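Q: I should like to take a close look at a single part of this predicted model. Please explain it in a connected way, suited to a first-year student.

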Amino acid sequence: EPTLVAPIVQTPTALTATQVRVVWRPVNGATSYTVARATGAAGTFADLRTTSDTVLVDSTATPNTTFQY
């Protein structure tokens with residue numbers, strides 16, 4: 001199987017205090033994407049969800065917290 005590159009993620013958008021929309025460009029050959037999230041600039045990434053879409057709404061965000069996706 002070929003090695004796929006990581007998708008390019010657009011800047012996540014806060015929809016509400018607890019919802020963040022994450023959008024990325026599709027990667028040729030990818031059938032699903034595992035989205036990971038870290039808290040703060042030096043946080044450890046943990047898998048959030050796997051999806052076949054190129055949009056994910058994270059509804060588990062904590063208000064006034066910085067996340068990386």
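Which residues line the largest pocket?

A: The lining of the largest pocket consists of Ala 6, Pro 7, Val 9, Val 22, Trp 24, Tyr 33, Thr 34, Val 35, Ala 36 and Tyr 69. The structure is a predicted model, and in it this pocket has a volume of about 160 Å³. To place the lining, it helps to begin with the chain as a whole.

The chain contains six strands and zero helices, so that its pattern, read along the sequence, is β-β-β-β-β-β. Its C-alpha trace spans about 40 × 25 × 15 Å along the principal axes. Of the 69 residues, 23% are buried.

The strand that contributes the most to the lining is S3, residues 33–39, which gives four residues. Strand S3 belongs to an open sheet of three strands in the order S4-S3-S6, with antiparallel pairing. At the edges of this sheet stand strand S4 (46–51) and strand S6 (67–68); each has a single partner strand, so one side of each is left without a neighbour in the sheet.

The two pairings of S3 may be taken in turn. S3 and S4 pair in the antiparallel sense over five bridges. One of the lining residues, Ala 36, stands opposite Asp 47 in S4. S3 and S4 also form a hairpin, with six residues between them. In the turn of this hairpin, Gly 40 has a positive phi of about 75°. On the pairing with S6, S3 runs antiparallel to its partner and is joined to it by two bridges. Here Thr 39 stands opposite Phe 67.

Another lining residue is Val 22, which falls within strand S2 (residues 19–23). Strand S2 takes part in an open sheet of three strands, in the order S1-S2-S5 and again with antiparallel pairing. The edge strands of this sheet are S1 (13–16) and S5 (55–58), each of which pairs on one side only. On average, neighbouring strands of this sheet are turned by 25° against each other, direction ignored. S2 and S5 are paired over four bridges in the antiparallel sense; Val 20, for instance, has Asp 58 in S5 as its bridge partner.

The aromatic residues of the lining deserve separate attention. Trp 24, Tyr 33 and Tyr 69 are among the residues that line the pocket. The model has two aromatic pairs. In one of them, the ring centres of Trp 24 and Tyr 33 are 5.6 Å apart and the planes stand at 65°; because planes over 60 degrees apart count as edge-to-face, the pair is given that name. Trp 24 counts as buried because its relative accessibility is 4%, and the value of 9% for Tyr 33 places that residue in the buried class as well. The rings of Phe 67 and Tyr 69 have their centres 6.4 Å apart and their planes at 50°, so this pair is tilted. Phe 67 and Tyr 69 are both buried. In addition, Arg 37 lies over the face of Phe 67, at 4.3 Å from the ring centre.

In summary, the lining includes Val 22 and Ala 36 together with the aromatic residues Trp 24, Tyr 33 and Tyr 69, and strand S3 gives the most to it.

Terms used
Residues are numbered from 1 along each chain as its sequence is written. This is a predicted model: local features need pLDDT of at least 70, side-chain atom pairs count only at pLDDT 80 or more; totals for chains, interfaces and linings use all residues. Side-chain values use heavy atoms; hydrogens and water are left out. Two strands pair if DSSP finds at least two bridges between them. Axes are lines fitted to C-alpha atoms, for helices over the stretch in contact, and angles run from 0 to 180 degrees between N-to-C directions. Rings of Phe, Tyr and Trp (its six-membered ring) pair if their centres lie within 6.5 Å; planes under 30 degrees apart count as stacked, over 60 as edge-to-face and the rest as tilted. Buried means under 20% relative accessible area, exposed over 50%, partly exposed in between (1.4 Å probe, protein chains only). A charge sits over a ring if NZ of Lys or CZ of Arg is within 6 Å of the ring centre and within 35 degrees of the ring normal. On a 1 Å grid over the protein atoms alone, a cavity is a set of points where a 1.4 Å probe fits but cannot get out, and a pocket is an open set with protein on both sides within 12 Å along at least five of seven lines; lining residues have an atom within 4 Å of a point. Grid points are joined across faces, edges and corners, and a volume is the space filled by probe spheres set on the points.
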